[in-house]
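Work through the exercises below with the sequence and the structure side by side. Try each task before reading its solution.

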Amino acid sequence: MVDVGRRAALAALLAAGLLPCSGARAAAGAASPTGPRPPASLLGGEIRRLPTSRKVVALTFNAAWDEAGIDTVLAELRRRGLPATFFPTGAFADAHPAAVRAIGAAHGLGNHSYGHPYFDGLSTARRTEEVRRADAAIRAASGAVPLPFFRFPYSSTTQDSVADVNDLGYAAIEFTADTNGYLGPRGGMSAEAAAGRAIDALTPGAIIQMHVGSNGDGIVLDAEALPLIIDAAEAEGYTIVDLRDFLVP
């Protein structure tokens, strides 16, 4: 049985800079060992709300399908001067390097695994392979260093799998609410319904999960919902925050 408490404590010490980034952790392929790290408050469990009492909200997008909606989302964020964090899979980065490069030029890139498998049924070795292969693909496509943030495919987390990605140097960034915009009109969703799910979840430190790409119909409801979400959040006094602000040197 994995000693989750021991591993969480080790991750906290590493995040606090009290242990060197060497030995087994470095050999396992830790994320950006010389760059910004997640603080201890983001380790030891899955993160569904940022550790703050301020009225801030983080916008995040997963990318695992096609490029539909990416230009629209990037243009809207650029027009408003707002940050977001994108979580592409490694397979997406290999298939759409120009899109990942465009995203990485303006926003932070997290890690969403290489092939988008369920992590709960994988061994530690297979989880490590998925994370490291995705990291390499995202680096190659973007020319940038990915953030030490991992998002589990299907949000399928266990204490063991979270400990594994923490040991690799990543915080497990999940979400307060998913807009469900990825379901599309055929799944009974609309841009207004997607925005409503995000707006209903607004709370200090909320993390909103959206998706770019489509399931083949070319419709990206989250791209349509984005302006509605931002307008409502700002009207309620929320500031859109960059996840990179929560890293430590």
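**Exercise 1. The chain as a whole**

How many helices and how many strands does the secondary structure of the protein chain come to? Then describe burial, contacts and surface.

*Solution.*
- Step 1. The model is predicted. Its protein chain has nine helices and eight strands.
- Step 2. Turn to burial. Of the 249 residues, 53% are buried.
- Step 3. Take the contacts with a sequence separation of 6 or more. Residues 24 or more positions apart account for 76% of them.
- Step 4. Look at the surface. The chain exposes about 10200 Å². Carbon and sulfur atoms supply 54% of that area.

**Exercise 2. Strand β7**

Find strand β7, residues 206–212. Decide how its residues are covered, then find its partners.

*Solution.*
- Step 1. Sort the side chains by direction. Ala 206, Ile 208, Met 210 and Val 212 point one way. Ile 207, Gln 209 and His 211 point the other way.
- Step 2. Check burial, with the cut-off at under 20% relative accessible area. Seven of the seven residues are buried, so β7 is largely enclosed by the rest of the structure.
- Step 3. Find a partner strand. β1, residues 56–63, pairs with β7 in the parallel sense over seven bridges. Within this pairing, Leu 59 has Ile 208 as its bridge partner.
- Step 4. Find another partner. β6, residues 177–178, runs parallel to β7 and is joined to it by two bridges. Here Ala 177 stands opposite Ile 208.
- Step 5. Trace the connection. From β6 the chain passes through helix α8, residues 191–200, to β7. This β-α-β crossover is right-handed.

**Exercise 3. Strand β2**

Which residues of strand β2 lie on each of its faces, and are they buried or exposed? Add the pairings of the strand.

*Solution.*
- Step 1. β2 spans residues 85–88. Thr 85 and Phe 87 lie on one side, Phe 86 and Pro 88 on the other. All four are buried, and both faces are covered.
- Step 2. Pair β2 with β1. The two strands are parallel and share four bridges. Phe 61 has Phe 86 as its bridge partner.
- Step 3. Follow the chain between them. β1, helix α3 (residues 70–80) and β2 make a right-handed β-α-β unit.
- Step 4. Pair β2 with β3, residues 108–109. This pairing is parallel too, over two bridges. Thr 85 stands opposite Gly 108.

**Exercise 4. Two leucines**

Place Leu 183 and Leu 228 in the fold. Classify each by accessibility and describe its surroundings.

*Solution.*
- Step 1. Locate Leu 183. It lies in the loop between β6 and α8.
- Step 2. Classify Leu 183. Its relative accessibility is 37%, so it counts as partly exposed.
- Step 3. Look around it on the surface. Leu 183 forms a nonpolar patch with Trp 65 and Tyr 182. Together the three have about 250 Å² of accessible area.
- Step 4. Locate Leu 228. It sits in helix α9, residues 221–235.
- Step 5. Classify Leu 228. Its relative accessible area is 35%, so it is partly exposed.
- Step 6. List contacts of Leu 228, leaving aside neighbours within four places in sequence. They are Ala 191, Glu 192, Ala 195 and Ile 199.
- Step 7. Compare sequence with space. Leu 228 and Ala 194 are 34 residues apart in sequence. Their C-alpha atoms are 9.5 Å apart.

Notes
Residues numbered from 1 in each chain as written. Predicted model: local features only at pLDDT ≥ 70, side-chain atom pairs only at ≥ 80, totals over all residues. Heavy atoms only, no water. Buried < 20%, exposed > 50% of the residue type's maximum accessible area, 1.4 Å probe, protein only. Pairing = 2+ DSSP bridges. Right-handed = clockwise from strand over helix to strand, strands pointing away. Patch = residues over 30% accessible without salt bridge, like charges linked within 9 Å, V, L, I, M, F, W, Y side chains within 5 Å. Areas by Shrake-Rupley, 256 points an atom, 1.4 Å probe, with all protein chains shown as cover. Salt bridge = Lys/Arg side-chain N within 4 Å of Asp/Glu carboxyl O. Contact = heavy atoms within 4.5 Å.
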